[in-house]
Amino acid sequence: MFGVVFPNRSFPMDISSFSQIDTFHWVLDMNTFVGEAYDQVRELCIFLLNSFTLPPDKALAVYIQAPGSAFQFCGAVTLARPSAVLSLAWPEPTGDGQLQLTAADAAPLSAKIGVSVEDLATLPSLDVAAEKKVERLAMKVGENLFNFMQSFCGVDGSKLVVPMDILDRWFKKFQERAKRDPEYLKSFVF
């Protein structure tokens, strides 16, 4: 069905490394994999195996859970995007800092990675190209602001000094240019 690799930390692991909760949900207990150093695991590569056919309107969603916190969505794979390297931004553990125990076996709660089959329409956008466009747009706008500020700044020792109203002046200029020339904003995206 699926496999995972933790870059620089593991060999490929298949679904048998996960505990199956039900037909559509699997969980990997990070304590059995890395002990309490789960927060040092920063990336996960998930991929569909060739023999698995996922319906086109479904996805394998990946979630992470730190001890004492709720599951957080990390990303997903689909038939159109059969593999992905996902960043694991572990949530801060909640609670008062005391060791929490499960009632069943009195073992500490552990970090988990969950995988589930879900409707693609219910998941956040998986459009990597659109995300890259937004990232490029932000970088270009930031570069434009930096260049504008640089033309008005002075140096005081190791500090850069700019007029207090520099952001207002830049933003007004930016807005005026965008109103005059509709193609101006498009030049930032490409």
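Tryptophan 170 counts as buried, at 10% relative accessibility, where buried means under 20% relative accessible area, exposed over 50% and partly exposed in between, with a 1.4 Å probe and protein chains only. Phenylalanine 171, by contrast, is partly exposed, with a relative accessible area of 42%. The model is predicted, and local features need pLDDT of at least 70, side-chain atom pairs count only at pLDDT 80 or more, and totals for chains, interfaces and linings use all residues. Residues are numbered from 1 along each chain as its sequence is written, and side-chain values use heavy atoms, with hydrogens and water left out.

**Aromatic rings**

- Rings of Phe, Tyr and Trp (its six-membered ring) pair if their centres lie within 6.5 Å, with planes under 30 degrees apart counting as stacked, over 60 as edge-to-face and the rest as tilted; by this rule there are 7 aromatic pairs.
- The pair of tryptophan 170 and phenylalanine 171 is tilted, because the ring centres are 6.3 Å apart and the planes stand at 45°.
- Tryptophan 170 also forms a tilted pair with phenylalanine 174, at 5.1 Å centre to centre and 35° between the planes, and both of these residues are buried.
- Tryptophan 170 and phenylalanine 174 are 4 residues apart in helix 3 (residues 166-180), so about one helical turn separates them.
- Elsewhere, ring pairs link Phe2, Phe18 and Trp26 into a cluster.
- Arginine 169 lies over the face of phenylalanine 152, at 4.3 Å from the ring centre, the criterion being that NZ of Lys or CZ of Arg is within 6 Å of the ring centre and within 35 degrees of the ring normal.

**Strands and pairing**

- The protein has 4 helices and 11 strands, taken as DSSP runs numbered from the N terminus (helices H or I, at least four residues; strands E, at least two).
- Two strands pair if DSSP finds at least two bridges between them; strand 6 (residues 58-65) is joined antiparallel to strand 9 (residues 112-119) by 8 bridges, and antiparallel to strand 7 (residues 72-77) by 5 bridges.
- Tyrosine 63 has glycine 114 as its bridge partner in strand 9 and stands opposite phenylalanine 73 in strand 7.
- Of the 8 residues in strand 6, 7 are buried.
- The hairpin of strand 6 and strand 7 has 6 residues between the strands, and glycine 68 takes a positive phi near 80° there.
- An open sheet of 4 strands follows the order 2-1-5-8 with antiparallel pairing, and its edge strands, strand 2 (13-14) and strand 8 (83-87), each pair on one side only.
- Within this sheet, strand 1 (residues 2-5) and strand 5 (residues 43-48) pair in the antiparallel sense over 4 bridges, with leucine 48 as the bridge partner of phenylalanine 2.

**Cores and burial**

- A nonpolar core is a set of buried Ala, Val, Leu, Ile, Met, Phe, Trp, Tyr and Cys residues joined through side-chain atoms within 4.5 Å; the largest has 28 residues, of which Phe6, Met30, Leu44, Ile46 and Ile113 touch the most other members.
- Strand 1, strand 4 (25-29), strand 5, strand 6, strand 8 and strand 9 each supply at least two residues of this core.
- Apart from the largest core lies another, of 7 residues, among them Leu145, Trp170, Phe174 and Tyr184.
- Buried residues make up 29% of the 190 residues in the protein.
- Among contacts (heavy atoms within 4.5 Å) between residues at least 6 apart in sequence, 63% join residues at least 24 apart.
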